[in-house]
Amino acid sequence: MATKSLVIRVEIDQAKHSHDCQANNRHRIKMGDSRLKVRNGRSWDHYCIACAVTIVQRDLGKLHHLERQLDL
Ligand SMILES: [Zn+2]
């Protein structure tokens, strides 16, 4: 049986073109910048590193809370 995951498909890659961060259109991701890629349906959402840190920290908080509820 495959191991299930709560973490949806995510990757870090480098932007091939400049574009806006999808969490905040005032954040510009420049060509060559690292960015967080998150699967969204058939496509990907891309976030700048500042937003990626916020997203990861928020989700870690959620997972820690869940872990405590499981009383491990
Ligand atoms: Zn951003």
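Reader: How many of the five residues of strand β1 are buried?
Author: This is a predicted model, by the way. Strand β1 covers residues 10-14 and lies largely in the open. That's because the number of buried residues among its five is zero.

Reader: OK, and which strand does β1 pair with over five bridges?
Author: The pairing is antiparallel. Looking at single bridges, Asp 13 has Arg 35 as its partner, Ile 12 has Leu 36, and Gln 14 has Ser 34. Those partners sit in the strand that spans residues 34-40, which is β4.

Reader: What's the strand order in the open sheet?
Author: The sheet has three strands with antiparallel pairing. β1 and β5 stand at the edges, each with a single partner strand, so one side of each is left without a neighbour in the sheet. From one strand to the next, the twist averages 35°. The order reads β1-β4-β5.

Reader: Which turn residue between β4 and β5 has a positive phi?
Author: β4 and β5 pair in the antiparallel sense over five bridges, and Val 38 stands opposite Asp 45 in β5. The two strands form a hairpin with two residues between them. The turn residue with a positive phi, about 65°, is Gly 41.

Reader: What about α1: how far apart are its end C-alpha atoms?
Author: Helix α1 runs over residues 49-70, which is 22 residues. At 1.5 Å a residue the helix should span 32 Å, and the model agrees with that. The end C-alpha atoms are 31 Å apart.

Reader: Is α1 largely in the open or buried, and what's the count of buried residues?
Author: The helix lies largely in the open, because so few of its 22 residues count as buried. Just after α1 comes Asp 71, with a positive phi near 60°. As for the buried count in α1, the number is one.

Reader: Which residues make up the largest nonpolar core?
Author: In soluble globular proteins, nonpolar side chains tend to be buried together. Here, buried residues make up 11% of the 72 residues in the chain. Tyr 47 belongs to the core, and its contacts include Cys 21, Leu 36 and Ala 52. The six core residues are Cys 21, Ile 29, Leu 36, Tyr 47, Cys 48 and Ala 52.

Reader: Where does Arg 28 lie, and which residues does Arg 28 touch, not counting residues up to four places away in sequence?
Author: Arg 28 lies in strand β3, residues 28-29. With 13 other C-beta atoms within 10 Å, Arg 28 is partly exposed. Arg 28 and Cys 48 are 20 residues apart in sequence and 7.6 Å apart in space, C-alpha to C-alpha. Leaving out residues up to four places away in sequence, Arg 28 touches Ser 18 and Asp 20.

Reader: Zooming out, what pattern does the chain follow along the sequence?
Author: The chain has one helix and five strands. Read along the sequence, the pattern is β-β-β-β-β-α.

Reader: And why is the chain more spread out than a compact globule?
Author: For 72 residues the globule rule gives 11 Å, and the chain is well over that, so it is more spread out than a compact globule. Along the principal axes, the C-alpha atoms fill a box of roughly 45 × 30 × 20 Å. Among contacts between residues at least 6 apart in sequence, 32% join residues at least 24 apart. The value behind the comparison with the rule is a radius of gyration of 15 Å.

Notes: Residues are numbered from 1 along each chain as its sequence is written. This is a predicted model: local features need pLDDT of at least 70, side-chain atom pairs count only at pLDDT 80 or more; totals for chains, interfaces and linings use all residues. The radius of gyration is taken over C-alpha atoms; the globule rule is 2.2 Å times the number of residues to the power 0.38. A residue is buried if 20 or more other C-beta atoms lie within 10 Å of its own, exposed if 12 or fewer, and partly exposed in between; C-beta atoms are placed from the backbone. Two residues are in contact if their C-beta atoms, placed from the backbone, lie within 7 Å. A nonpolar core is a set of buried Ala, Val, Leu, Ile, Met, Phe, Trp, Tyr and Cys residues joined through C-beta atoms within 7 Å. Two strands pair if DSSP finds at least two bridges between them. The expected span of a helix is 1.5 Å times one less than its number of residues. Axes are lines fitted to C-alpha atoms, for helices over the stretch in contact, and angles run from 0 to 180 degrees between N-to-C directions.
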